[in-house]
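Here is a short report to read alongside the sequence and the coordinates. Take a moment to turn the structure around, and then let's go through it together.

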Amino acid sequence: MSGAPSAFLIDDDRDLRRAMQQTLELAGFTVAPFAGASEALAELDPGFEGVVISDIRMPGMDGLALYRKIAELDADLPVILVTGHGDIPMAVQAIQDGVYDFIAKPFAADRLIQSARRAEEKRRLVMENRALRQAAEAASESLPLIGQTPVMERLRQTLRHIADTDVDVLVAGETGSGKEVVATLLHQWSRRRSGNFVALNCGALPETVIESELFGHEPGAFTGAVKKRIGRIEHASGGTLFLDEIEAMPPSTQVKMLRVLEAREITPLGTNTVRPVDIRVVAAAKIDLGDPAERGEFREDLYYRLNVVTLSIPPLRERREDIPLLFSHFLKRAAERFGREVPTISVAVRDHLMSHPWPGNVRELSHFAERVALGVEETQVKTAGAPAPSAGTLPERLERYEADILKEALAAHRGDVRETLQALGIPRKTFYDKLQRHGINRVDYAGRTAAEEP
């Protein structure tokens, strides 16, 4: 017997046991045969990832007694009972008690194989869900900046390395990728953690309001300013100021913000008094501020002043291996909030997780987990989810799906690299690396439309 067993087979009839073992092994199972239930039970543990197939009538411990022992050990371990004709009423009762399936003698080989395969798939899903939940609990220190991919490991290491340096940080990442999470961790892991973490979305406030929000004002500074207001920058003194969507900051405010970064002082509206501030600034942008074409009206000198340390958060589509772990965390959190049991991740949901492009990144994944926890997403996933090729292993299917996305984008933009990069939202180097890996020639798509793509 090579490798860990995927099926425990128990039957005191030597000839029948050998025949069943041969049938299962020809179907791809690794079988551990036993002549008695006690012998098999001694080898079982809750980590067993396979199925148990047992005759009912055996000397000593029978199949039903074996099932009850197994249920005490692990209620989710599937047990298939093999029965004689006279034992069928007993087997039906066993099914009601939790036995996975029963097979009446005599039976065709396909009947045994199909039942064992279904049971094995169920067991695999159970074990995957357990592993994900354990991994999510183990990653609790850095939640929700979860990820086991090398890029996320490096990101966490960098955060810990620079957290106590007081250096200003620029965080780059798409919408919903977790930029505020990075800023929060920089604050929590630094000596500034006892100070305030103050966040401001620069894209959410009109130009007439943002300066008052940032710098504060004195009474009478403008119409409606009836009392003194402490601005966000001063409120963050001793702590961390997080400026989200800084690319949306008005040009006039950018000039004043540059002064704050250089001199660490502010002048509230309506006064000439200069006030020193002790802040660390973490700014976030969803565009590449280093690219003049994307930067637009954003001041180059402010960009370079912020760009002491830049942290890039990869989108979910570039770290798909982290999606199941993230989803498991969000699903557990949602179930607790809604007072529900954590549902088992079905095959349909799992396929959707790994095939959907997740343009909304972690935020979109979190909302999807909430719908699954509420039980309102399963039907939609089955009927309207992004289709995935059914043949091949999961990595092979993901590779084909990624290649199709690249081809569709190239065809839609007639092979234009800049437009394709903008549509896909990936760096130029990543784009060319993927073309090479999939054997795609960009020139083949020059001048063609998506409708002409074969």
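## Surface and overall make-up

The accessible surface of the protein chain in this predicted model comes to about 22,500 Å². Carbon and sulfur atoms account for 50% of that area. Turning from the surface to the interior, 45% of the 454 residues count as buried.

As for secondary structure, you will find 19 helices and 12 strands in the chain. Among contacts with a separation of 6 or more, 70% are between residues 24 or more positions apart.

## A parallel open sheet

Have a look at the open sheet built from 5 strands, with parallel pairing. Reading across, the order is β7-β8-β11-β6-β12. The edges are taken by β7 (197-201) and β12 (309-312); each has a single partner strand, so one side of each is left without a neighbour in the sheet. On average, neighbouring strands of this sheet are turned by 20° against each other, direction ignored.

Within the sheet, one pairing is worth a visit: β8 (residues 240-244) and β11 (residues 280-285) run parallel and are joined by 4 bridges. If you would like a place to start, go to F242, whose bridge partner in β11 is V282.

## The loop around T267

Next, find T267, which sits in the loop between β9 (265-266) and β10 (275-276). Is T267 buried or partly exposed? Its relative accessible area is 38%. Buried would require a value under 20% and exposed one over 50%, so T267 counts as partly exposed.

Which residues does T267 touch, once its neighbours within four places in sequence are left aside? The contacts are with F215, N272, T273 and V274. For another bearing in space, take K256: T267 and K256 are 11 residues apart in sequence, and their C-alpha atoms lie 9.2 Å apart.

## A nonpolar patch on the surface

To finish, come back to the surface, where F338, L374 and V376 form a nonpolar patch. Together, these three residues have about 230 Å² of accessible area.

L374 makes a handy landmark here, as a member of helix α15 (residues 361-374). With 35% relative accessibility, L374 counts as partly exposed. Membership of a patch calls for over 30% relative accessible area, and the 35% of L374 fits with that.

Conventions:
Residues are numbered from 1 along each chain as its sequence is written. This is a predicted model: local features need pLDDT of at least 70, side-chain atom pairs count only at pLDDT 80 or more; totals for chains, interfaces and linings use all residues. Side-chain values use heavy atoms; hydrogens and water are left out. Helices (H or I, at least four residues) and strands (E, at least two) are DSSP runs, numbered from the N terminus. Buried means under 20% relative accessible area, exposed over 50%, partly exposed in between (1.4 Å probe, protein chains only). Contact means heavy atoms within 4.5 Å. Accessible areas come from the Shrake-Rupley method with a 1.4 Å probe; for residues, only the protein chains shown count as cover. Patches are made of residues with over 30% relative accessible area and no salt bridge: like charges are joined within 9 Å, nonpolar side chains (Val, Leu, Ile, Met, Phe, Trp, Tyr) within 5 Å. A salt bridge is a side-chain nitrogen of Lys or Arg within 4 Å of a carboxyl oxygen of Asp or Glu. Two strands pair if DSSP finds at least two bridges between them. Axes are lines fitted to C-alpha atoms, for helices over the stretch in contact, and angles run from 0 to 180 degrees between N-to-C directions.
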